[in-house]
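Here is a walk through the contact between two chains. Start at the strands, then widen the view to the whole interface.

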There are 2 protein chains.
Amino acid sequence: MSEIMSFFRSYFARNNLRLTRPRVLILEWITQRRDHFTAEDLVRWAILNRVGISRATIYRTLSLLTKYKLIARRDFSSTHSHYELIFNNKDHEHMICLECDRIYEFQNDEIERLLLREAQRRRFQSHFHNIKIYGLCHDCQNKREVDFSN
Amino acid sequence: MSEIMSFFRSYFARNNLRLTRPRVLILEWITQRRDHFTAEDLVRWAILNRVGISRATIYRTLSLLTKYKLIARRDFSSTHSHYELIFNNKDHEHMICLECDRIYEFQNDEIERLLLREAQRRRFQSHFHNIKIYGLCHDCQNKREVDFSN
DNA sequence: ATAATTGCAAACTGTTTGCACATCC
DNA sequence: GGATGTGCAAACAGTTTGCAATTAT
């Protein structure tokens, strides 16, 4: 068993959560993917591979993992949520390509510091924050048509 | 007619959009409110005041205004969109109180500069960005219980 | 006049839930 | 054994859409 799976096992035990077959399979999928994904990505995988995990369980597991901070929910799109593994993955921000939907991560201590200071200035107690830059990634910068037709 | 309404009028004419009764009423409501609002806020107002504007028209008008950059859509929540008037309202970021849902605005040139530089460093062409700080506003810092029950 | 806009109701999408059955500790 | 977790199907919330009727220019 991989290092990360045994971490999950003890983490689950410690929190009185059962490591059921669906949960193991979902965790394995997530850790192998190591990327941003949606609930529907998981559902698709479950159906295609006849894994025998229902949509309900997928959503419930994602909530659970989010609550226990094993994954994080990200609101990149207004129509559906994205998730990503947190384990060993330090805090970072995102650039989202409007063309290919790829997501790039970055981290900048100076910006973090300035943000905290900005919150303090207004006596706002920051719990978490996020920064998103939308635009075109290097690959997509030359192959785009603007559609203002609708 | 207020300055802003005549601006809208010429803007609509210039873009071959019809300034219909529903659109006028919605624009008036938005400009008087001058705040962040949801589609449902608008629907509730329309129903309560028997304004005679359908939910469909509200959603369609919000899309239109967003497309023409008279309002901006903000993704504060994963379940529904917020909007805000753009007119005369310079670019800014948000702090969102997890307790009372109030939204505070801030602006920081230094952070903007650093963000742009960060994008350039990755040859990412930034079209727009947003920063959200979630936490407790000053008013709410002392009246909160943590609920970890579910 | 006529092209754009509206209201209605039905459809759609992502997500949540109640309940009977199954499973993990 | 008994609490916990699952699958199913139905419910839900926010939003979008087709179409016939209405309205702005």
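**Two strands across the interface**

Strand β6 of chain A and strand β6 of chain B, residues 125-136, run antiparallel to each other and pair over eleven bridges. Pick one position to get your bearings: A:I133 lies opposite B:H129, a residue of β6(B). Keep in mind that this model is predicted.

Now step back to the full contact. Chain A contributes 41 residues and chain B contributes 42 residues. Together the two chains bury about 3800 Å². Carbon and sulfur atoms account for 63% of that area. Which residues of chain A lose the most area to chain B? They are A:K67, A:F124 and A:Y134. Together they make up 16% of what the chain A side buries.

Next, consider the elements on the chain A side. Four of them each supply at least two residues to the side that touches chain B: β4 (93-97), β5 (103-106), α5 (109-121) and β6 (125-136). The largest share comes from β6(A), with twelve residues. This is the strand that pairs with β6 of chain B.

What is the makeup of the side of chain A that touches chain B? Its residues divide into 18 nonpolar, 14 polar and nine charged.

Finally, look at the contacts that cross between the chains. The rule finds zero salt bridges across the interface of chain A and chain B. Polar contacts do occur there: 16 residue pairs are found, with both residues at pLDDT 80 or more.

Note on methods: Residues are numbered from 1 along each chain as its sequence is written. Chains are lettered from A and ligands numbered from 1 in the order in which they are written. This is a predicted model: local features need pLDDT of at least 70, side-chain atom pairs count only at pLDDT 80 or more; totals for chains, interfaces and linings use all residues. Side-chain values use heavy atoms; hydrogens and water are left out. Contact means heavy atoms within 4.5 Å. Buried area is the accessible area (1.4 Å probe) that two parts lose on being put together, summed over both. A salt bridge is a side-chain nitrogen of Lys or Arg within 4 Å of a carboxyl oxygen of Asp or Glu. A polar contact is a pair of N or O atoms within 3.5 Å; within protein, one must be able to donate a hydrogen and the other to accept it, and residues adjacent in sequence count only if both atoms are side-chain atoms. Helices (H or I, at least four residues) and strands (E, at least two) are DSSP runs, numbered from the N terminus. Ala, Val, Leu, Ile, Met, Phe, Trp, Tyr, Cys and Pro count as nonpolar, Asp, Glu, Lys and Arg as charged, and the others, Gly among them, as polar. Two strands pair if DSSP finds at least two bridges between them.
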